[in-house]
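Thank you for asking me to read through this model. My comments follow as numbered points, and I suggest keeping the structure open beside them.

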Amino acid sequence: MPYIPATPLASALLTDASFASATDADSDAESVASLRVRTVWISDIHLGTPGCQAEALLDFLRHTDCETLFLVGDIVDGWQLRRNWYWPQAHNDVLQKLLRKARKGTRVIYVPGNHDEFARAYLGHNFGGIDVAEEWIHITADGRRLWVTHGDYFDGVVQCARWLALVGDWAYTLTLRLNVQFNRLRARLGMPYWSLSNYLKQRVKRAVSYVSDFETALAREAHLRGLDGVVCGHIHHAEMREIDGILYANDGDWVESLTALCEHPDGRLEIIDWSAGKTAAGIASLMAPAETARLQAA
Ligand SMILES: [Mn+2]
C-alpha cells in the first residue's frame, strides 16, 4: 500500500509539478568548481519562511562535495508553514538538491530540530536516501568522536516556553485561583500572604538562567557521554571553541549568517562563511594548503 503523507507539506511536495523539473534544471550547475571536504554540517535553513536564504544555500551546495552531509535541524520550518504557507521554487530546489546529493552517493543524515519536530516522528526511517536520526556520533578522520544534535533539548528558553505554552492560559488562571484558596487557608492558620504564582514564575526564571548557557550545557553533556565534542545549531550563531577540553562547534544558519561547518580530509574542522567565500578564490583559501596545491598542479 502506498504511503499517504499526513502532513500538508509532504503532500504538497509530492504533488508539486515542479518536483521533477527542478532536478533536471539543477544538473547544469554540477560542473562548477567544488569545495571537496569529508563532512559538511548545515542547519537552521528554515525553508518555508521568507527569511530563508535558499539561493545562497543552493550556491553553497553546488560548490560543495562531501562524503557525509549532516542536516542538523530546523531544515523546514513547520511552525511557520502551519501559520502561513510560503513555498517558493528555490525552497523546492534546496530539497531537490539534497535528495540529488543522496542519490549521487553522499551519505545524508537528517537530525531534526524543534522547528521541524514533525520529522521526529520518522526517526530511524530513510526518505530518498536521507536517514532521519534523533542524534548521531560522527567520528572525524583524526579519530575524534563528535555528538551531532540540533541543540533545542538543551535550550532552557525553548524548554520553558514550550512548557508555558502547553500549560497555557488556563493553568495560569488556575494557579491564581489556587493562590487565593491557598492564602485563605494560610490566613486562617495565621500565616502571612505568599504568592504561589509569583513563586512559580521565579522558579521558571531560575530554570531559564540555569540552562541559558546553551554552549556550556551542550559541551557538558558531550563530556558526560564520554565524547570529544559536539556539533549543533539552533541558536543561529556559528562558533567553534573548546569548553573545558570539549570541542563546541555550531554550524550557524542560512537565515542571517550563511554559514556551514566542514571537516577537511585530515579531520580539521572549519566554519565556512558563505557570505564571504562564495567565489572560487574564496573556496581555494578555505582548502588545506596541500589540497589547494594539488588542485593547482592538476
Ligand atoms: Mn532550532
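**Notes on the fold and its interior**

1. Of the 298 residues in the protein chain, 32% are buried. The model is a predicted one, and its protein chain contains 10 helices and 12 strands. Among the contacts in the protein chain with a separation of 6 or more, 69% are between residues 24 or more positions apart.

2. The first topic is the seven-stranded sheet. This sheet is open, its pairing is mixed, and its strands follow the order β4-β5-β3-β2-β1-β11-β12. Because β4 (126-127) and β12 (269-273) each have a single partner strand, they stand at the edges, and one side of each is left without a neighbour in the sheet. As background, the strands of a sheet pair through backbone hydrogen bonds, in either a parallel or an antiparallel manner.

3. Within that sheet, strand β2 (residues 64-71) runs parallel to strand β3 (residues 107-110), and four bridges join the two; Leu71 has Tyr110 of β3 as its bridge partner. Packed on the sheet is helix α5 (residues 89-103), which touches β2, β3 and β5 (130-132), and whose direction makes about 130° with that of β3.

4. Towards the β12 edge, strand β11 (residues 259-263) and β12 run antiparallel and are joined by five bridges, with Ile271 of β12 serving as the bridge partner of Leu261. The hairpin of β11 and β12 has five residues between the strands, and Gly267 in this hairpin takes a positive phi near 95°.

5. Is Thr39 buried or exposed? Thr39, which belongs to strand β1 (residues 35-42), is buried, because 24 other C-beta atoms lie within 10 Å and the cut-off for a buried residue is 20 or more. Leaving aside residues up to four places away in sequence, Thr39 touches Cys66, Glu67, Thr68, Phe70, His138, Cys262 and Glu263. Thr39 and Ala141 are 102 residues apart in sequence, while their C-alpha atoms are 9.7 Å apart in space.

6. Gly113 deserves a similar check, since this glycine is found in a loop, the one between β3 and β4. Gly113 nevertheless counts as buried, because it has 30 C-beta neighbours inside 10 Å. If residues up to four places away in sequence are not counted, Gly113 touches Ser43, Gly73, Asp74, His150, Asp152, Gly233 and His234. With one of these, Gly73, the C-alpha separation is 3.9 Å, although Gly113 and Gly73 are 40 residues apart along the chain.

7. Which residues of the largest nonpolar core touch the most other members? They are Val40, Phe70, Leu71, Val72, Val230, Val231 and Ala260, in a core of 52 residues. The largest share of this core, five residues, is contributed by β1. In general, nonpolar side chains of soluble globular proteins tend to be buried together. Taking Val231 as an example, and again not counting residues up to four places away in sequence, this valine touches Trp41, Val72, Leu146, Val148, Ala249, Asp251 and Leu261.

8. Another open sheet has five strands in the order β6-β7-β8-β10-β9, also with mixed pairing. Its edge strands are β6 (136-139) and β9 (239-243), each of which pairs on one side only, and the twist averages 25° from one strand to the next. Four bridges connect β6 with strand β7 (residues 145-148) in the antiparallel sense, and Trp136 has Val148 of β7 as its bridge partner. Helix α8 (residues 214-224) packs on the sheet, where it touches β7, β8 (229-232), β9 and β10 (246-250), and its direction makes about 130° with that of β10.

9. The buried residues of α8 merit a closer look: Phe214, Leu218, Ala219 and Ala222 are buried in this helix. Because they cover an arc of only 125° around the axis, they lie on the same side of α8. An α-helix has 3.6 residues a turn, so residues three or four places apart point the same way. The cover over the buried residues of α8 includes β7, β8, β9 and β10. Following α8 comes Gly226, which has a positive phi near 75°.

Conventions
Residues are numbered from 1 along each chain as its sequence is written. This is a predicted model: local features need pLDDT of at least 70, side-chain atom pairs count only at pLDDT 80 or more; totals for chains, interfaces and linings use all residues. Two strands pair if DSSP finds at least two bridges between them. Two residues are in contact if their C-beta atoms, placed from the backbone, lie within 7 Å. Axes are lines fitted to C-alpha atoms, for helices over the stretch in contact, and angles run from 0 to 180 degrees between N-to-C directions. A residue is buried if 20 or more other C-beta atoms lie within 10 Å of its own, exposed if 12 or fewer, and partly exposed in between; C-beta atoms are placed from the backbone. A nonpolar core is a set of buried Ala, Val, Leu, Ile, Met, Phe, Trp, Tyr and Cys residues joined through C-beta atoms within 7 Å. The arc is that of the directions from the helix axis to the C-beta atoms.
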